Amino acid sequence: MKRLVPIIVLAVIAGCSGGNEFKKFSGALPVLQMPLKFDNSGLIQADAHVSVPDEFKRYLPSGADLVLGKLYEDDKTIGIVYLRTGDVNTPVVMTYSPDGVKLDSANLFAYDDDLQGADVKRLVTFLSDRKIQTVDSILIWTEIYPDGEPDITDATRVQQLSMDTVIRLIDKNGKIVKE
């Protein structure tokens, strides 16, 4: 029994140090001002982008380069917004328990495969009540041929515009759900 006590103490210390490390990471992040807006043309309405030190990279979602800051923090969960940089800067929200366990995440610029070739504009707004509003406008061009003949000189081009709004909520358990 005396030999088990040091092993149990080491296990408890190791478990606690991970939580303390996450608290150090999340405590150093700026709190984001709401509303925070992104669109897929590259506009990011945020004051700062924080590079992540190597020792904290394990908390980042796959492919994320930068952390923008804390979306919220309460006794049970913490929401953090990351950024995947590239042709389109993609916001990713991830929720954690206070000790750094990942609870849920959402890539807010993920598109359906059937939208290939469409002109898609997406506006994502983080609101202060843990709601995330996504507004999509989708413009599709269609060519209509008279008499079913595929002669491009006789084709009529028609635009079809559709708009859709989705509201997501981060619930008290850190789950990101559609309302």
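A nonpolar core is a set of buried Ala, Val, Leu, Ile, Met, Phe, Trp, Tyr and Cys residues joined through side-chain atoms within 4.5 Å. With that in hand, let us walk through this protein, keeping in mind that the model is predicted. The largest such core has 18 residues, and Phe38, Val81, Val93 and Phe126 are those with the most contacts inside it. Several strands contribute: E1 (36-39), E3, E4 (78-84) and E7 each supply at least two residues of this core. E3 gives the largest share, with four residues.

Valine 81 offers a good view of the surroundings. Leaving aside its neighbours within four places in sequence, valine 81 touches Leu32, Phe38, Val67, Leu68, Gly69, Leu71, Val92, Val93 and Phe126. Apart from this core lies another one, of 14 residues, including Leu60, Ile80, Met94 and Tyr96.

Now step back to the overall layout. The protein is built from one helix and ten strands, and along the sequence the helix is followed by the strands in the pattern α-β-β-β-β-β-β-β-β-β-β. Of its 179 residues, 35% count as buried. The exposed surface comes to about 11000 Å², with carbon and sulfur atoms supplying 53% of it. Among contacts between residues at least 6 apart in sequence, 45% join residues at least 24 apart.

The strands are worth following next. E7 and E8 run antiparallel and are joined by eight bridges. In this pairing, phenylalanine 126 stands opposite isoleucine 132 in E8; Phe126 is also one of the residues with the most contacts inside the largest core. The hairpin of E7 and E8 has four residues between the strands, and arginine 130 there takes a positive phi near 65°. On to the next pairing: E8 and strand E9 (residues 156-170) are antiparallel too, over 14 bridges. Here glutamate 143 has arginine 157 in E9 as its bridge partner.

Aromatic rings are the next stop. A pair of aromatic rings is described by the distance of the centres and the angle of the planes. The whole structure holds five aromatic pairs. In one of them, phenylalanine 22 and phenylalanine 25 have ring centres 6.0 Å apart and planes at 55°, so this pair is tilted. These two phenylalanines are three residues apart in helix H1 (residues 4-27), which means that about one helical turn separates them. Both phenylalanine 22 and phenylalanine 25 are buried.

What does phenylalanine 25 form with tyrosine 59? The two make a stacked aromatic pair, 5.5 Å centre to centre with 15° between the planes. This pair links distant parts of the chain, 34 residues apart: phenylalanine 25 sits in helix H1, while tyrosine 59 is in the loop between strand E2 (50-51) and strand E3 (66-73). Phenylalanine 25 counts as buried because its relative accessibility is 3%, and tyrosine 59, with a relative accessible area of 5%, is buried as well. Ring pairs go on to link Phe22, Phe25, Tyr59 and Tyr96 into a cluster. Tyr96 thus appears twice on our route, being also among the residues of the 14-residue core.

Charged side chains complete the tour, with six salt bridges counted. Is the salt-bridge partner arginine 122 buried or exposed? Arginine 122 is buried, and so is aspartate 136, with which arginine 122 forms a salt bridge whose closest N and O atoms are 2.5 Å apart. Arginine 122 lies in strand E7 (residues 119-126) and aspartate 136 in strand E8 (residues 131-144), so this salt bridge ties together parts that are 14 residues apart in sequence. The two strands concerned are those joined by eight bridges.

Another salt bridge joins the side chains of glutamate 73 and lysine 70 at 2.8 Å, N to O. Lysine 70 counts as buried because its relative accessibility is 8%, whereas glutamate 73, at 47%, counts as partly exposed.

Our last salt bridge is between glutamate 179 and lysine 131, at 3.7 Å, N to O. This pair links distant parts of the chain, 48 residues apart, with glutamate 179 in the segment after strand E10 (176-178) and lysine 131 in strand E8. Glutamate 179 counts as exposed, at 58% relative accessibility, and lysine 131 is partly exposed, with a relative accessible area of 26%.

Technical notes: Residues are numbered from 1 along each chain as its sequence is written. This is a predicted model: local features need pLDDT of at least 70, side-chain atom pairs count only at pLDDT 80 or more; totals for chains, interfaces and linings use all residues. Side-chain values use heavy atoms; hydrogens and water are left out. Buried means under 20% relative accessible area, exposed over 50%, partly exposed in between (1.4 Å probe, protein chains only). Contact means heavy atoms within 4.5 Å. Accessible areas come from the Shrake-Rupley method with a 1.4 Å probe; for residues, only the protein chains shown count as cover. Rings of Phe, Tyr and Trp (its six-membered ring) pair if their centres lie within 6.5 Å; planes under 30 degrees apart count as stacked, over 60 as edge-to-face and the rest as tilted. A salt bridge is a side-chain nitrogen of Lys or Arg within 4 Å of a carboxyl oxygen of Asp or Glu. Two strands pair if DSSP finds at least two bridges between them.
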